[in-house]
Structure formats: structure tokens, C-alpha cells
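Let's take a friendly walk through this model, starting with a sheet and ending with the chain as a whole. Keep the viewer open as you read.

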Amino acid sequence: MIGRDAELRKLKSALTECASNKARTVVIEGPVGCGKSELLEALAATASAAGAVVLRAAALRSESSLPLGVMRQLADSPALPADAARRLHTLLDEDQATVDARAADHTAPARTARMQKVCAAVHDIVRTRLVMIGVDDLQHVDATSLQYLLYIAGRSRSTQLMMVFTEALYYRQRDPAYRTELLRQPNFQRIRLNCLDRADVAEMLAGHAHPAPDGSTVDDFYAVTGGNPLLMRALQEDYATVSVPGTHVELLEPMAGETFAHAVLTCLDRSGPMAAKVADGLAVLGEAASVDSLGRLCDLPRLSVAQGVRALRAAGVIDDCRFRHPTARAGVLDAMDPVYRRELHQRAAALLYADGAPASRIAPHLQAARHVAEPWGVPVLRDAAEEVLADDRDRLAVEYLRLAHRFCADAQARAEIRIRTAVVMRRNNPVGAEKIADELLCALRAGELPRSQYGPLADLFVGHRRIGEAGEVLAALRAASVGTADAAGRVGTAAAPAVALIVESFLPWADGRVRGRQRTAGGAPTARPAGTDPDAAYSVAWSAYLGADREGTAAEAEELLQRSVLTDSTLEPIRVAITSLMFAGRTEKARYWCELLLKETVRRDASGWYAQFAGLRAAAALFQGNPEDALSYTRAGLSRLAERKGSVLSGGLVALQVMAQTMTGDYEAGARKLNQPAPESLFGSAYGLLYLRARGLYNLATNRLSVALDDFLTVGRMARGWGLDQPAWMPWRGDAAEVLIQLGDRTEAERLINEQLSKVKDGDSRARGVSLRLLAATADPHERLPLLTRAVSQLQHAGDRYELARALCELGETHKRLGDAAQATTASRRAWQLARECGAQPLCDRMRLEHDEEPWEDRGAERAAVDTRDAKLSDSEKRVAVLAACGYTNRDISSRLYITVSTVEQHLTRVYRKLKIGGRQQLPIDLQFEVSEIV
């Protein structure tokens with residue numbers, strides 16, 4: 001009875017007056033669940049304790065058409081004297097018999113006569129004792145019983161009779177004329193109950209937690225329930241008990257669940273049919289609900305809607321025209337008849353469309369209806385997909401697009417929708433996107449794909465790096481453009497070089513020309529105009545991507561990255577830009593942008609995009625000779641792919657992982673990866689080239705030379721056929737040459753390396769350095785030194801510690817063969833330190849075999865302690881120190897820097913003093929990466 005003290009006092013006062021022959025008729029009205037029945041029970045207990053005869057009845061909606069049902073409940077009350085009970089039952093049976101038999105005396109005068117007898121029977125009791133008649137839910141009392149009760153109330157003014165009824169507020173199921181009859185009674189009293197206020201809610205909660213709940217908890221419970229005691233009790237049953245660390249205290253935290261949802265439905269059911277209809281409309285319309293829209297949706301008069309809203313608001317179920325808690329709305333939707341619910345959603349969609357609502361507010365109703373009947377439905381769903389994508393709700397966008405595709409009748413629009421679905425799915429489901437691409441390719445082969453969609457389909461395969469399929473689509477596009485069957489055959493090979501863009505898609509820059517098709521604001525590709533040359537539309541000047549102007553390309557790439565926001569339409573240009581930075585020797589910049597974009601994809605929950613940038617980040621790590629980082633990022637990328645089977649992206653990540661495992665000597669792990677079946681589509685993609693190269697490097701490392709050579713030569717054939725034959729990306733000639741050197745075929749190895757060097761662009765120091773190291777292996781010992789010296793210089797500039805370690809290792813071995821022990825030790829020590837840093841165990845093992853001891857181990861700590869940050873070396877001193885750290889002799893340094901040997905010695909003396917070291921052998925290895933270029 002929390003918060004009901006004043007009302008209970010009024011009832012007890014009325015009961016006291018009744019004992020003085022002043023009859024009272026009281027109606028306790030209020031929202032459902034607010035304690036009307038509890039208040040009536042409390043009064044009945046008080047009356048019974050005072051010796052009154054208490055007659056109780058509860059009207060039920062299911063029995064509202066049962067004549068005399070409530071009167072019979074009163075006659076069956078245990079407190080009623082036996083003779084009075086028999087008399088009342090006899091009178092009620094007579095009345096029932098006349099009704100059932102439709103007897104002649106079933107008339108108003110006859111009924112009045114019987115009501116007089118019943119009233120007299122009640123008066124016989126109240127002459128000597130106080131009588132209380134309590135009836136719950138007056139709105140459900142059957143019509144006949146209501147007539148009896150009103151008759152008794154009107155003729156018992158000076159008696160000891162108290163009649164108390166409870167009634168749900170705003171129910172209004174029947175003609176409310178009976179209320180007028182009650183109001184005419186001079187002894188009539190109305191008591192209004194409302195929901196509990198905040199203080200009452202706090203008191204109610206205090207009994208369920210210790211210590212008493214704080215203000216925030218009270219506010220939360222009040223906000224969810226509106227102070228309705230029924231909802232409060234239900235929410236308390238669903239509550240979560242939160243233990244305070246270090247104490248035995250438990251606090252309440254509102255957790256609306258099944259019990260709360262059931263209580264809400266109980267409130268709606270007992271608030272009347274109008275309130276229930278309005279609640280259905282509110283649940284369907286959600287944020288779009290208003291009195292006007294509810295009337296149009298539910299086909300109800302405005303007055304009826306307003307009444308229903310008042311009932312729900314009074315019960316604390318809604319606030320304004322919104323459910324107070326999502327669980328309440330969800331419970332109402334779940335309880336609705338499915339067919340009726342879908343019908344309401346269809347009507348809601350039409351209503352919102354007519355009002356000009358945004359597509360993203362209309363689409364949920366079409367989705368819930370699972371049907372699109374109107375011609376505007378499909379365009380609305382497509383627009384809604386683009387709108388929700390702005391909030392990174394890509395999974396919802398895919399659902400809208402799938403529904404649009406299901407109910408779209410136009411072939412071209414269906415293809416457009418399907419392609420757009422695949423593009424969006426790349427954010428989180430790359431495998432699903434590939435399946436759609438395959439589905440559309442089958443349609444193209446069957447002649448069922450509109451020609452206008454050939455270009456967008458090629459784009460789709462471009463995004464997945466599936467070169468073979470993209471080439472097939474381009475050939476079909478060219479054949480369709482020229483209109484001859486044999487043209488397809490001629491273009492089949494001619495189109496392949498045009499697909500060179502698939503290495504990293506098409507460039508959005510280069511000479512101000514647009515690479516790729518224009519796109520709509522939503523990111524969907526527009527149709528290519530009829531007659532457009534597909535080669536021209538897709539062509540990418542390879543020289544612009546990996547050509548001579550590396551610096552210009554890198555600058556443009558970074559500019560694009562700085563001004564681009566990651567979207568479906570900018571994904572490819574961004575990936576191109578990052579790879580361009582890597583190929584231009586800006587690996588550190590590429591790494592920075594990869595890490596920035598990885599954080600962005602995590603924030604936006606785009607796991608498919610994450611996997612793609614994780615692959616780029618792993619590639620950057622390999623370019624820097626850091627296999628441990630590569631392993632970390634490939635594992636992270638693979639973990640984000642919900643489905644890996646059949647994914648070419650997964651194959652690319654596995655390839656990078658195997659490369660890193662081969663570098664670190666974890667051959668068992670690499671074998672496990674390679675023994676897993678790879679999808680056939682992988683070998684028609686750029687990722688497939690990467691996979692074959694990784695497998696070849698593994699086979700080379702495990703001494704399976706003939707198998708490795710076959711892998712590398714296969715890569716070469718595919719790369720040449722697809723126009724991807726560039727050492728910066730796929731140095732297959734150098735890989736094959738390394739196998740041939742071990743097989744003893746130095747002549748063929750030398751030919752391949754020289755061919756590779758001829759294709760290396762200016763500024764590609766990494767590819768040039770690796771090629772020079774391999775070329776040295778084909779030369780006589782006395783010719784190797786200058787080649788390896790140049791290789792070390794190029795690789796030092798490139799920043800690839802692993803390849804630099806290999807070159808230094810071979811430089812040390814060459815110095816040793818030529819009898820220069822000091823230079824051999826210097827180069828070998830630096831190679832060892834780099835190999836250890838990279839985790840390149842096979843290279844460390846090789847050096848152990850070449851030397852009887854490891855003279856570099858004890859000096860590693862001493863060298864690691866050298867800090868060059870505060871040494872303040874001049875640029876000239878840095879250049880000399882870097883070359884010395886790389887193993888160059890004083891004479892070599894003199895020659896390269898165009899200074900005298902004496903000047904070199906003077907610079908080194910100052911360097912040793914500033915670094916506080918004893919000589920050349922203690923030069924820190926980090927010096928090799930402190931300058932961007934060695935002149």
C-alpha cells in the first residue's frame with residue numbers, strides 16, 4: 001500500500017459513516033496495475049475486522065456477457081448468512097429462468113419487481129449489520145448485474161451499506177450511462193489513483209536492496225515504469241543483482257526482461273480494446289508515432305486514439321507517444337498476430353511514404369512486412385541502404401538490398417542491386433561478396449546479364465583481385481561493343497594487360513585523368529555509356545603506377561590518403577595509394593596509413609575491410625624485414641573473416657603468413673597452411689600469384705628445388721599474361737634464379753637476374769638490391785664484392801632489414817674468402833644482429849655454420865646501449881658513420897663520398913668520441929636507417 005495512505009483513510013472514513021446509516025457508493029478509478037484491487041482488499045479486511053458482512057465479486061471481460069454473473073458471485077460470498085444466500089440465489093434463479101425461457105414476464109416492470117426483492121433481501125441484512133459490497137473491474141460487469149447494483153445503490157441511502165467498485169481509467173467499452181446514474185447519487189464518491197511518484201518508487205525499492213538504492217537507480221526504475229506498481233514489481237523480478245566489490249552489499253539495476261514484458265502486455269490487455277489497438281500502432285510506428293498518424297494507421301477516430309493514448313500514458317507504459325522502454329515495444333510486437341503485424345507495417349510504410357519521410361524510416365516497415373507491393377518500394381529500399389551505410393550499418397543495408405532484389409521486376413535494376421549488395425558485403429563478408437560475383441558471371445555467360453552491368457561486374461572482380469574473371473568480363477564487354485563474335489576471341493588476350501590494374505585496382509590520379517568510372521553520391525557505380533572502349537575505361541598506365549616518376553606518384557598517393565574518407569567507393573583508391581607508397585620505397589608512410597585505417601575499420605566494425613588493410617600492413621612489415629609483425633597482422637586479418645573457405649582474400653593473407661613463417665624458419669606451421677585446400681578461384685587472382693610465390697619460397701627453404709622452380713616459373717607465366725610483370729611486386733625471376741644457382745645453372749640464373757634488373761625502375765632500391773645480391777652469387781668471388789657493396793647500399797636505403805642481413809651475410813663471406821678478416825667480421829656481425837632482430841632463424845643458423853663461434857653475441861648488449869639521439873652528428877659524419885656501419889672500408893667511403901681517406905678518418909674519430917664508443921665495430925646498427933639516402 002505504498003503511496004496509498006490518503007486514499008485508504010478516505011475509504012475507512014466512508015466505512016465509518018456507513019455504520020451510522022449513511023450509505024456510501026465509492027468508485028476507485030485508476031490505470032491498470034496501480035493498486036485498485038489492493039486498496040479494495042485492504043478496505044475489505046478493515047470492514048471484516050469491524051464485523052461487517054463483506055460480499056466480494058470480480059468481473060471478468062470473458063464473462064461480461066453472462067447475465068447475473070457478478071450478482072451470483074456476491075450471493076456466493078462466504079460471509080453472507082445462509083438464509084440470505086438461499087433467498088438471493090432463488091431470486092436470481094427465477095430471473096435467469098425468465099431470461100432463458102424468454103417468458104412473458106421478461107419485461108421492465110417484471111425485472112424491476114425482481115430487483116426490488118433482491119434489494120429487500122440486502123436491506124434485511126443491513127438493518128442489523130454493516131454490509132460492504134466490493135466489485136472489481138466495474139467496466140466488465142455484465143449488464144444485468146449492473147442494473148441490480150445501480151438499483152440497490154439508489155435505494156439504500158439511509159442504510160449501513162457501502163458499495164465500492166474499481167474501474168480501469170479510460171476503458172470505456174460500453175455506454176457510460178451507468179456512470180451518470182452513479183453521479184446522481186448524493187452519497188457517491190470517486191477516488192482517483194495514479195502511478196507512484198519518485199519518492200514512492202524509492203520507498204518501494206528500499207525493501208529490495210541494502211543499502212537503500214541511490215538516486216540514479218531510483219531515476220532509472222522510475223523512467224522505465226512511470227511509477228506503475230505492477231511494472232515496478234515485474235522489473236524488480238527481472239532485476240540484476242550487482243555486488244559491490246569488497247563488501248556484502250547488493251544493489252539493484254533495472255534489467256527489463258520477460259516478466260516486465262508480460263506485465264506490459266497485462267496492462268494493455270486490461271486497459272481496453274482502444275488502448276490495445278493504439279499500443280499496436282505505437283509499436284509499429286515507433287518514433288514516427290503521433291495521434292494523427294496512429295488514427296490513420298489504425299483507422300480510428302482521433303478522439304478514440306486520444307483516449308487510448310491517455311490510458312497508456314496514465315498506466316506508465318508510454319511517455320508522450322513513445323514506449324518508455326524498448327522491451328515494452330518488443331513485447332507488444334511479439335504478441336501481435338503475425339499477419340496483422342505485417343499488414344500494419346505495410347500500411348505504415350505507405351503512410352510514411354505519403355508524408356515524405358526519409359527512406360531509412362520507411363524501409364524498416366517494408367522489411368518487417370516482408371513484402372513490397374508498391375512501385376516505390378524498391379527505390380525506397382535502395383535509397384535506405386545508402387542512408388544507413390552513412391552510419392556504417394552495412395549489415396542492415398545488405399538486408400534492404402536483398403529485399404529490393406527479391407521484389408524487383410526490372411532485369412537491369414536487379415543486376416545493379418546485386419552488384420551493389422556485393423560491394424557493401426565486402427565490408428564484413430568478403431566470401432559472400434565473391435559468391436555474388438560468381439553468380440553474376442554465370443548470368444553473363446548465359447546471356448542473362450544486361451550489358452550495362454558488365455563494367456560494374458568487372459569492377460567487382462577488380463575489388464577481389466580476380467584477374468582471370470575480370471579479364472573475361474572485359475573481353476565480353478569489348479565483344480559486345482564491337483558486336484562481333486570473333487572479336488571476343490581477339491580481345492580475350494588483348495584485354496589481359498588492361499587488367500594490370502588489379503594489382504591494386506585503378507589509380508584515381510596520374511596526369512589528371514580519371515581512373516575508373518564515375519560513381520553516384522551513394523557510391524554505386526554508374527553504367528558505362530554505350531560504345532565506351534572497355535580498355536580505355538579500365539586502362540592504367542603501368543608506368544604511372546610503378547614507373548619512373550616514383551616521387552610524383554608517392555606524393556599524389558599521400559595527398560589522396562590525406563583527403564579521403566574510407567567508403568565503398570574510396571576503398572580501392574586508398575589501397576592503391578598505400579601500395580604505391582610501398583613500391584615507391586615509402587614503406588614507413590604506408591605502415592602509418594595502414595595502422596590508421598585499421599583503427600578506423602575497428603571503430604566502424606568493418607571486419608572485411610580490416611582483413612584487407614591487415615594484409616597491406618603485413619606486406620609492409622615484410623618489405624621492412626619484420627616477419628613477426630607480418631605474422632601478427634595476418635593472424636588478426638584471418639580472425640576477422642567469419643568465413644574463410646572459398647575466399648581469395650583469405651588465400652592472400654595465408655600467403656603472407658607462409659612467407660613470414662618461412663623467413664623465421666617455422667616450416668612446420670607453413671606446411672600446415674599450405675596443406676589446407678585452396679579454392680580454385682584463388683589461382684585466377686592476384687592473391688594466387690602471391691600464394692604461389694609463398695609456396696615456392698617455402699619449397700626453396702626446405703630444399704625442394706624442382707618444385708620451387710616450377711612454382712616461380714608458373715608465377716612468371718601468369719604475371720606476363722596478365723600484364724603484372726614487375727619486380728617491385730612479383731620478382732619471380734630473382735626467385736627462380738636463386739633456385740637455379742643452387743641447382744648449378746648459373747648461366748640461366750644470370751640471364752634471369754639481368755632481365756629482372758632491366759625491368760627495375762629508378763628508385764626501386766629494394767628490388768635492385770635483392771637483384772644485385774643474387775647477381776653476385778653468379779659471379780666469381782673477386783667480382784662479387786662491388787655487386788654486394790652496391791646491394792647493401794640499396795637495401796640500406798630501402799629499409800628492408802631482412803634482405804639487408806642476407807646481403808651483409810654474403811658480403812662477410814666474400815670478404816672472408818678474399819682474406820679480409822676484419823671486414824668479414826664487421827659485415828657478419830651486422831648481418832647477425834639484423835637477423836636476430838628480424839627473427840630470421842634460418843639465416844642465423846647459416847651464419848653459425850659459416851663460423852666456428854659467434855663473436856657477435858657478447859657485443860650485442862654493448863652496441864644496443866649506444867644512444868645516437870643526443871650525439872648531434874653532422875650530416876657528413878652521419879654519412880661516413882652509416883657507410884662504416886654497413887661494412888664499407890675507409891677507401892670505399894672516400895670513393896663514394898668524394899672525400900679523402902684522411903677526411904674519412906677524421907669524421908670517424910669525431911663519431912667515436914660523440915658516441916662514446918671504442919671503434920668501428922661498436923657502431924650502432926641503427927645508424928643504417930638514420931639517413932634517407934647515401935650519395
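## A parallel pair to begin with

In which sense do strand β3 and strand β4 pair, and over how many bridges? In this predicted model, β3 (residues 131-136) and β4 (residues 161-168) pair in the parallel sense, over 5 bridges. To find the register in your viewer, look for Val131, which stands opposite Leu161 in β4.

Helix α6 (residues 143-154) packs on the sheet here, where it touches β1, β3 and β4. The direction of α6 makes about 140° with that of β4.

## The whole sheet

Zooming out, the sheet is open and has 5 strands, in the order β2-β3-β4-β1-β5, with parallel pairing. Strands of a sheet pair through backbone hydrogen bonds, either parallel or antiparallel. From one strand to the next, the twist averages 15°.

Which strands stand at the edges? They are β2 (53-58) and β5 (188-192); each has a single partner strand, so one side of each is left without a neighbour in the sheet.

## Strand β1, covered on both faces

Strand β1 (24-30) is worth a closer look. With β4 it pairs in the parallel sense over 7 bridges, and 5 bridges join β1 to β5, again running parallel. Val26 is a handy landmark for both pairings: its bridge partner in β4 is Val164, while in β5 it stands opposite Gln189.

Is β1 enclosed or open to the outside? Of its 7 residues, 7 are buried, so the strand is largely enclosed by the rest of the structure. Both faces are covered: one side carries the buried residues Arg24, Val26, Ile28 and Gly30, and the other carries Thr25, Val27 and Glu29, which are buried too. Helix α1 (residues 5-18) lies across β1, β4 and β5, and runs at about 165° to β5.

## Helix α9 and its buried face

Next comes helix α9 (residues 215-225), in which Thr217, Val218, Phe221, Val224 and Thr225 are buried. Why do these residues line one face of the helix? Seen down the axis of α9, the buried residues fall within an arc of 135°, so they share one face. After α9 comes Gly226, and its phi is positive, near 65°.

## Two nonpolar cores

The largest nonpolar core holds 111 residues, and the members that touch the most others are Ile574, Ile578, Met582, Phe613 and Leu689. Helix α30 (residues 607-623) gives the most to this core, contributing 12 residues. Leaving aside residues up to four places away in sequence, Phe613 touches Leu566, Leu571, Ile574, Arg575, Ile578, Cys594, Leu597, Leu598 and Thr601.

Apart from this core lies another, of 98 residues, with Phe221, Met232, Val264 and Cys298 among them. Phe221 has already appeared here, as one of the buried residues of α9.

## The chain as a whole

Finally, some totals. The protein chain has 46 helices and 9 strands, and 56% of its 935 residues are buried. How many of the contacts between residues at least 6 apart in sequence join residues at least 24 apart? The share is 69%.

For anyone thinking about the surface, the accessible area of the protein chain comes to about 39,400 Å². Carbon and sulfur atoms account for 49% of that surface.

How values were computed
Residues are numbered from 1 along each chain as its sequence is written. This is a predicted model: local features need pLDDT of at least 70, side-chain atom pairs count only at pLDDT 80 or more; totals for chains, interfaces and linings use all residues. Side-chain values use heavy atoms; hydrogens and water are left out. A nonpolar core is a set of buried Ala, Val, Leu, Ile, Met, Phe, Trp, Tyr and Cys residues joined through side-chain atoms within 4.5 Å. Buried means under 20% relative accessible area, exposed over 50%, partly exposed in between (1.4 Å probe, protein chains only). Helices (H or I, at least four residues) and strands (E, at least two) are DSSP runs, numbered from the N terminus. Contact means heavy atoms within 4.5 Å. Accessible areas come from the Shrake-Rupley method with a 1.4 Å probe; for residues, only the protein chains shown count as cover. Two strands pair if DSSP finds at least two bridges between them. Axes are lines fitted to C-alpha atoms, for helices over the stretch in contact, and angles run from 0 to 180 degrees between N-to-C directions. The arc is that of the directions from the helix axis to the C-beta atoms.
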